[in-house]
Amino acid sequence: MRILSGNLVDADVTVLTASSQATNKPVTRLKNMLRSVYWEATGKTSESVVADLGSGTISVKAAAITGFSLTRDATVEFLHSTNNSTFTSLGVIKLGTSTVGYGEGGFGEGGYGGFSPTLPLMGHVISLFFGALSSRYWKVIIKDPANVNNIRLGRWFLGTYWEPVSVDVKRKWRVDVVDESQIGKTIVGIKSVNKRPVFLRATFSLPPLSESDAFDNFYPIVRDFGGKRNIFLVLFPGTDLETSFLTSIYGSFDQGIAFSNLVLSNYDVGSISFSESL
């Protein structure tokens, strides 16, 4: 399991430049924590975004996107550069036909997210991991000429991750389907509507952490959560696209997290529940 937090795309110093952008849907929307607040290009054949991470010390070993609507023919490519002129590709991801939701109007639709007139832009997570790189400039290229819509993207992650040495993932996935027509007003007239008909939840337990793991790795993640920041959770990295797509979540912890020092240099965090967010 890998937890991706501390997104460099969100940093104030990071400047985003898009190949194109629709009116009222600029590329700066990629910095919004809600992936339903998306950047939209004016084309679909080949659109891209470049992130200038600034001149400081940089370490990137993971890239991910979420909040998109792509067809089975789409490709996603991550690249990096030291001069914003010559880019080196880390590989082209061909979405293919096997993942649930393909071919139903858009990648991730059919009850699994995606974009439709009645659902927000969602989709799951496409992630790529590699050895640490210090390049200042990063690019994501999305090609989807068969799409009925122009390219849309809600969130782009660049940064590092924490991979616990041992983790017990409780594979108790929960899917809640809400029929809005069955939701009425309360006595005081408040109507509660879940705009996301389907979402994922994962529960896992961590072993007692060492002092360095607790404060150097886990604490920054908890701090991100306390700052109302959504993060990426990839349960099974290195697996095939279909497995990774269905078991990766963009969201937040369901409750506040604390860890205590039970034994000297061993810190307990207990069971953690993580749910998908808009």
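Colleague: Happy to look at this one with you! What share of the accessible surface belongs to carbon and sulfur atoms?

Modeller: The accessible surface of the protein chain comes to about 12,800 Å². Keep in mind that this is a predicted model. Of that surface, the share belonging to carbon and sulfur atoms is 51%.

Colleague: And how much of the chain is buried?

Modeller: The protein chain has 278 residues, with two helices and 18 strands among its elements. Counting a residue as buried when its relative accessible area is under 20%, the buried share is 48%.

Colleague: Which strand gives the largest share of the largest nonpolar core?

Modeller: That core has 30 residues, and I65, F78, W156 and L158 have the most contacts inside it. Strands β4, β5, β6, β8, β9 and β10 each supply at least two of its residues. The largest share is four residues, and they come from β5.

Colleague: Nice. Which residues are in the second, separate core?

Modeller: In general, nonpolar side chains tend to be buried together in soluble globular proteins. Here the second core is separate and has 21 residues. Among them are V222, V269, I272 and F274.

Colleague: Let's turn to the open sheet of five strands. Which strands stand at its edges?

Modeller: The order is β2-β4-β9-β6-β7, with antiparallel pairing. An edge strand has a single partner, so one side of it is left without a neighbour in the sheet. The strands in that position are β2 (15-18) and β7 (88-94).

Colleague: Staying with β4, which residue there is the bridge partner of L16?

Modeller: Strands β2 and β4 run antiparallel and are joined by four bridges. In β4, the partner of L16 is A51.

Colleague: Now the charged pairs: which residue forms a salt bridge with R155?

Modeller: There are four salt bridges in the count. R155 lies in strand β10, and its partner sits in the loop between β1 and β2, 145 residues apart. R155 counts as buried because its relative accessibility is 0%, under the 20% cut-off. With the closest N and O atoms 2.8 Å apart, the partner is D10.

Colleague: One last pair: is E163 buried or partly exposed?

Modeller: E163 meets R2 in a salt bridge at 3.0 Å, N to O, and the two are 161 residues apart. R2 counts as buried at 16% relative accessibility. E163 has a relative accessible area of 37%, which lies between the 20% and 50% cut-offs, so E163 is partly exposed.

Key: Residues are numbered from 1 along each chain as its sequence is written. This is a predicted model: local features need pLDDT of at least 70, side-chain atom pairs count only at pLDDT 80 or more; totals for chains, interfaces and linings use all residues. Side-chain values use heavy atoms; hydrogens and water are left out. A nonpolar core is a set of buried Ala, Val, Leu, Ile, Met, Phe, Trp, Tyr and Cys residues joined through side-chain atoms within 4.5 Å. Buried means under 20% relative accessible area, exposed over 50%, partly exposed in between (1.4 Å probe, protein chains only). Two strands pair if DSSP finds at least two bridges between them. Accessible areas come from the Shrake-Rupley method with a 1.4 Å probe; for residues, only the protein chains shown count as cover. A salt bridge is a side-chain nitrogen of Lys or Arg within 4 Å of a carboxyl oxygen of Asp or Glu.
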